[in-house]
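Trainee: I should like to request a close look at a single part of this structure. Please give a connected account of one helix and its surroundings.

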Amino acid sequence: MKTAVVYYTLGGSTRSFARAEAGARAADLLEAVPAKPYNPFTALMQGCAAARRQRGVPLAQAPDLMGYDRIVLMAPVWGGFPAPPFNSMAALLPAGAQVEVLLVSSSGSSEKSRAKVRALIQGKGCRVVCQRDIHSHQ
Ligand SMILES: Cc1cc2nc3c(=O)[nH]c(=O)nc-3n(C[C@H](O)[C@H](O)[C@H](O)COP(=O)(O)O)c2cc1C
């Protein structure tokens, strides 16, 4: 099974977890970088609202997800939802892929957004095989 771990990070913790996931599965590791990067201020002032609306952002370069059987999407949780670049990554999913959603949060969780995230991915013709949170401060 050909697997890709594709991630977005603002502060670096999702990158560390994504590297570990990719290493454990011998998967390719791909980073989604917004064309206009967030900083902690714009993440708070603009990113949370966009995350809650499940909006994406233009990426500097679109990761090529074609040809992967399983795709692991990883992003930080902002306001209970995956950060907006997660939605940009989800838009690139090839139909038929098995998708895992691993979201990195601090003390909270992504529970309230879980059904909406699953619906978004199913809308791309993909199957969600796993949704779980990783706590960055444990
Ligand atoms: C704008 C913003 C909103 C956040 N909202 C949440 C939240 O709702 N729940 C939570 O547990 N953590 C929240 N966090 C914390 C991050 O999810 C957490 O620190 C994560 O590890 C950051 O990942 P990164 O280092 O890959 O960017 C938020 C962080 C930012 C910057």
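Mentor: The account below follows helix H2 from its start to the residue just after its end.

This is a predicted model, in which local features need pLDDT of at least 70, side-chain atom pairs count only at pLDDT 80 or more, and totals for chains, interfaces and linings use all residues. Residues are numbered from 1 along each chain as its sequence is written, and side-chain values use heavy atoms, with hydrogens and water left out.

Helices (H or I, at least four residues) and strands (E, at least two) are DSSP runs, numbered from the N terminus. H2 comprises 13 residues, 40-52. At its start, a side-chain oxygen of Asn 39 comes to within 2.8 Å of the backbone nitrogen of Phe 41.

From first C-alpha to last, H2 reaches 17 Å, close to the 18 Å expected at 1.5 Å a residue; the expected span is 1.5 Å times one less than the number of residues. H2 nevertheless bends by about 45° at Gln 46, the bend being the angle between axes fitted to the seven residues ending there and the seven starting there.

Thr 42, Ala 43, Gly 47, Cys 48, Ala 50 and Ala 51 of H2 are buried, that is, under 20% relative accessible area (1.4 Å probe, protein chains only). An α-helix has 3.6 residues a turn, so residues three or four places apart point the same way. The cover over the buried residues of H2 includes strand E3 (70-78), strand E4 (81-82) and helix H3 (84-91).

Just after H2, Gln 54 adopts a positive phi of about 60°.

Conventions
Buried means under 20% relative accessible area, exposed over 50%, partly exposed in between (1.4 Å probe, protein chains only). Contact means heavy atoms within 4.5 Å. A polar contact is a pair of N or O atoms within 3.5 Å; within protein, one must be able to donate a hydrogen and the other to accept it, and residues adjacent in sequence count only if both atoms are side-chain atoms.
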